[in-house]
Amino acid sequence: MKKFYRCLIVVFWLINSGYASTVSSVNVVSITDENIRNDVLIFARSIAQSHFSGVQVSFPKAIAIDGNWTVSVTPYLHGMAIGTGTGKSHMLHQAVVNAVQDLISAPGHTHPSEKDLRDSRFMISFSRSESQAYALIEYKGKAEELINDVVVIRNLGKDLIYSKIKDAKEYLLRAMDKNTHGFHKLYTATSGTFDKRVITTYSSSSLYSLLKLNDQERDKRIVKQIPFIADFILSMQVHKGPNKGAFHYSLALETGEKDNRFVVGTVSKTIFTLLELYTRTEDKRYLDSAVLASDWLLTMRNPNGSVISQVKIKNGQPVFDRRYSTLYTGEVLSAFSRMYAATSDKRYYNAAKILADNFLKKAEKDSYFLKDDYRLPTDAVPTSWTVMSLLDFYKISGNKMYQKVSLKCLDEIMKRQNNNPNDLQNYGRVAAQKTSGNGWINEVTSEVYLSCSQENGKECIKYKEPMLRMMRWLIQNTYSEANTYFLEEPAKAIGGLIRDYTREEVRTDAVCHGVNGYINLLSSGIM
């Protein structure tokens, strides 16, 4: 039933194209007006109650709107649609009456009880003269705008950002396996289950975000879990053999087996977290682990200094993946740059410089929107890693050339952002990126903005509005109390960023990137 409405309700709201953090309706009376929506909901409720009480009700004059109307009313109870009524009329109020009467009294199907209707949430869609469909979902007695299956976000404010940070923290704590203290990659909202593996890179990313969350507001639960999560990460590191220093990609929970796959991206992002742990604790175990990992990365290079993406052990023999990955190259460049900043070891600087200089050449060749052997040429994530890693190298080199190219690449990404305020379903989204990709791009943009702000640079002010637009889209596409009406276990999904428009899933990295960007936004002083 939900998928049916996903196809039906394709909404293009009329909004102003002004200040990006406030998206406002055009100042005309329309069926997208909040008061009209509330009148439709209250009237539908009244008609349903009248059926059982016998008390006659009058319709609000505001919804006596002429047109060839089709209205559908679907109550949701405990995540399930308990019926659907459809009504048509030339007047909106009468179409609502017909729809409710079809729901509760039409012959040929089971009707919901008075109690079930009272305890349910009404989802109502309505269209006029075969034009676009509009929809609302009942939430705490109000009629919220519904697009696809999420509640529309029109305004960004500190309170909303803080609430999403809180929800993300709770989600991340739920995404941790309680036995291993590793983190799952994927949560399926329709079944209420996590996948059956815990993965090193998602564990590292989650701990990185939890450290930032705890910096913002101390939480005893996070403080308690930090050493256990860190121990899990350390337990995934190899301590002997040709892959000494690398991290196993994942651990199977059912068998307890670690896979023999070693990815440079996993190792790089784990180095980020190990350095953050060392900065906070001065526990040398974390720095020693990061050094081991970085030294393994030094071995994962071709003769020209480019990155070998990963190695798998098959039948006891290493199989190297030498396809070029802009993403993995960027992650390795960032890891070497951060390691040099922490240790002053010139090996890491020299390795980073080779990668950074290669990026300069490739950026110019690819017109600052970089491609690779892994992803579609329209994918913006590889370029976003070029932005982040060149920014990291700029911080240790001081050479403005790397910053300049980084910003040129970011400008190319922003050209692919949806800036059409009439398409609120996608407004702020970059290309066709999912929440994980958009979340990362937004995190990168926030890092660029913070860096520029610290240097008192004015050239990055132009990224303020695109960043706010991305955040609005991300928050709109996050599970919340308001938009989980179709889930049997809504509380388990809240705070998770919905993977895309077709799959009710949450990727843990999307939550990490999202909350990192929100924290950076508040740190920037924009809001």
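Which hand does the crossing of α10 and α12 have? The crossing is left-handed. Keep in mind that this is a predicted model. With that said, here is a look at three helix pairs and the largest pocket.

**The helix pairs**

Two packed helices are described by the angle between their axes and the distance between the axes. Here is how the pairs look in those terms.

| Helix pair | Axis distance | Crossing angle |
|---|---|---|
| α10 (residues 326-343) and α12 (residues 381-397) | within 8 Å | roughly 15° |
| α15 (residues 464-476) and α17 (508-524) | within 11 Å | roughly 135° |
| α11 (residues 346-365) and α13 (residues 400-414) | 11 Å | about 45° |

Take α10 and α12, whose axes cross at roughly 15°. An angle under 35 degrees counts as roughly parallel, so α10 is roughly parallel to α12. On the α10 side, the residues that meet α12 include Thr 326, Leu 327, Gly 330, Glu 331 and Leu 333. Among their counterparts in α12 are Val 381, Pro 382, Trp 385, Thr 386 and Met 388. Sorted by type, the residues of this contact come out as 11 nonpolar, six polar and three charged.

Next up are α15 and α17, with axes crossing at roughly 135°. The two helices are therefore oblique to each other, and α15 passes α17 in a left-handed crossing. From α15, the contact draws on Met 467, Leu 468, Met 471, Leu 474 and Ile 475. Gly 517, Tyr 518 and Leu 521 do the job from α17. What mix of residues does that give the contact of α15 with α17? Seven are nonpolar, one is polar and none is charged.

Then there are α11 and α13, which pack at an angle of about 45°. That angle makes α11 oblique to α13. Here too the crossing is described as left-handed, with α11 passing α13. Lys 353, Ala 356, Asp 357, Leu 360 and Ala 363 of α11 touch Met 401, Tyr 402, Val 405 and Cys 409 of α13. This contact has seven nonpolar residues, no polar ones and two charged ones.

**The largest pocket**

How much space lies in the largest pocket? About 940 Å³. The pocket is lined by 34 residues, and the closest to its centre are Leu 327, Arg 375, Val 381, Arg 507 and Asp 509. Two of those names should ring a bell: Leu 327 in α10 and Val 381 in α12 also take part in the contact between those helices.

Which elements each supply at least two residues of the lining? They are α6 (200-216), β12 (261-263), α8 (264-281), α10, α12, α14 (435-454) and α17. As for chemistry, the lining divides into 12 nonpolar, 11 polar and 11 charged residues.

Note on methods:
Residues are numbered from 1 along each chain as its sequence is written. This is a predicted model: local features need pLDDT of at least 70, side-chain atom pairs count only at pLDDT 80 or more; totals for chains, interfaces and linings use all residues. Side-chain values use heavy atoms; hydrogens and water are left out. Axes are lines fitted to C-alpha atoms, for helices over the stretch in contact, and angles run from 0 to 180 degrees between N-to-C directions. Helices (H or I, at least four residues) and strands (E, at least two) are DSSP runs, numbered from the N terminus. Angles under 35 degrees count as roughly parallel, over 145 as roughly antiparallel, 65 to 115 as roughly perpendicular and the rest as oblique. A crossing is left-handed if the near helix is turned anticlockwise from the far one by less than a right angle, and right-handed if clockwise. Contact means heavy atoms within 4.5 Å. Ala, Val, Leu, Ile, Met, Phe, Trp, Tyr, Cys and Pro count as nonpolar, Asp, Glu, Lys and Arg as charged, and the others, Gly among them, as polar. On a 1 Å grid over the protein atoms alone, a cavity is a set of points where a 1.4 Å probe fits but cannot get out, and a pocket is an open set with protein on both sides within 12 Å along at least five of seven lines; lining residues have an atom within 4 Å of a point. Grid points are joined across faces, edges and corners, and a volume is the space filled by probe spheres set on the points.
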